[in-house]
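I set out to record how the helices of this chain pack and which residues form the core. The entries below follow the order in which I looked things up.

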Amino acid sequence: MELDCRTFWAVAQKVVNAHGVDAPRFAARQIEFSAKAGDMSSLKAWNSIADRIDQLMAGKVAPYEGC
């Protein structure tokens, strides 16, 4: 199942809401777990989510912008 851009933004926003300033660290752990498990789909998804978390934390874009 392929996720769309809006889903990645929604997940990124939920992670930021739940983890605050630790959101990037949470995403990095998910990336690490996915890589260790050899789960390339999850790895790709978490990398996309992490990019959006970084953008949200920097205040550079609003959710869903750039989809």
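Entry 1, crossing. I first fixed the convention: a crossing is right-handed if the near helix is turned clockwise from the far one by less than a right angle, and left-handed if anticlockwise. In this predicted model, I found that helix 1 passes helix 3 in a right-handed crossing. The contact draws on Cys-5, Phe-8, Trp-9, Val-11, Ala-12, Gln-13, Val-15 and Val-16 of helix 1. From helix 3, I listed Ala-45, Trp-46, Ser-48, Ile-49, Arg-52, Ile-53, Gln-55, Leu-56 and Met-57. Sorted by class, the residues of this contact come to 13 nonpolar, 3 polar and 1 charged.

Entry 2, geometry of helix 1 against helix 3. I looked up the angle for helix 1, residues 5-19, packed on helix 3, and noted about 60°, with the axes 8 Å apart. Helix 1 is therefore oblique to helix 3.

Entry 3, helix 2 against helix 3. I then turned to helix 2, residues 23-37, and helix 3, residues 40-58. They pack at an angle of about 170°, and their axes are 9 Å apart. Angles over 145 degrees count as roughly antiparallel, so I entered helix 2 and helix 3 as roughly antiparallel to each other. On the helix 2 side, the contact is made by Ala-23, Pro-24, Phe-26, Ala-27, Gln-30, Ile-31, Ser-34 and Ala-35. On the helix 3 side, I noted Ser-42, Leu-43, Trp-46, Asn-47, Ala-50, Ile-53, Asp-54 and Met-57. The classes for the contact of helix 2 with helix 3 are 11 nonpolar, 4 polar and 1 charged.

Entry 4, core. Which residues have the most contacts inside the largest nonpolar core? I found Val-15, Trp-46, Ile-49 and Ile-53, in a core of 17 residues. Each of helix 1, helix 2 and helix 3 supplies at least two residues of this core. Helix 3 gives the most, with 7 residues.

Entry 5, Trp-46. I looked up what Trp-46 touches, leaving aside residues up to four places away in sequence. The partners are Val-11, Val-15, Phe-26, Ala-27, Gln-30, Ile-31 and Ser-34.

Entry 6, three residues outside the buried class. I checked Asp-51, Glu-2 and Thr-7 in turn.

Asp-51 has its place in helix 3. Its relative accessibility is 46%, so I classed Asp-51 as partly exposed. Asp-51 and Ala-27 are 24 residues apart in sequence, yet 9.4 Å apart in space, C-alpha to C-alpha.

Glu-2 lies in the segment before helix 1. With a relative accessible area of 75%, Glu-2 is exposed. I noted 8.6 Å between the C-alpha atoms of Glu-2 and Ser-41, which are 39 residues apart along the chain.

Thr-7 lies in helix 1. At 30% relative accessibility, I entered Thr-7 as partly exposed. The C-alpha atoms of Thr-7 and Ile-49 are separated by 9.1 Å, with their places 42 residues apart along the chain as the sequence separation.

Technical notes
Residues are numbered from 1 along each chain as its sequence is written. This is a predicted model: local features need pLDDT of at least 70, side-chain atom pairs count only at pLDDT 80 or more; totals for chains, interfaces and linings use all residues. Side-chain values use heavy atoms; hydrogens and water are left out. Axes are lines fitted to C-alpha atoms, for helices over the stretch in contact, and angles run from 0 to 180 degrees between N-to-C directions. Helices (H or I, at least four residues) and strands (E, at least two) are DSSP runs, numbered from the N terminus. Angles under 35 degrees count as roughly parallel, over 145 as roughly antiparallel, 65 to 115 as roughly perpendicular and the rest as oblique. Contact means heavy atoms within 4.5 Å. Ala, Val, Leu, Ile, Met, Phe, Trp, Tyr, Cys and Pro count as nonpolar, Asp, Glu, Lys and Arg as charged, and the others, Gly among them, as polar. A nonpolar core is a set of buried Ala, Val, Leu, Ile, Met, Phe, Trp, Tyr and Cys residues joined through side-chain atoms within 4.5 Å. Buried means under 20% relative accessible area, exposed over 50%, partly exposed in between (1.4 Å probe, protein chains only).
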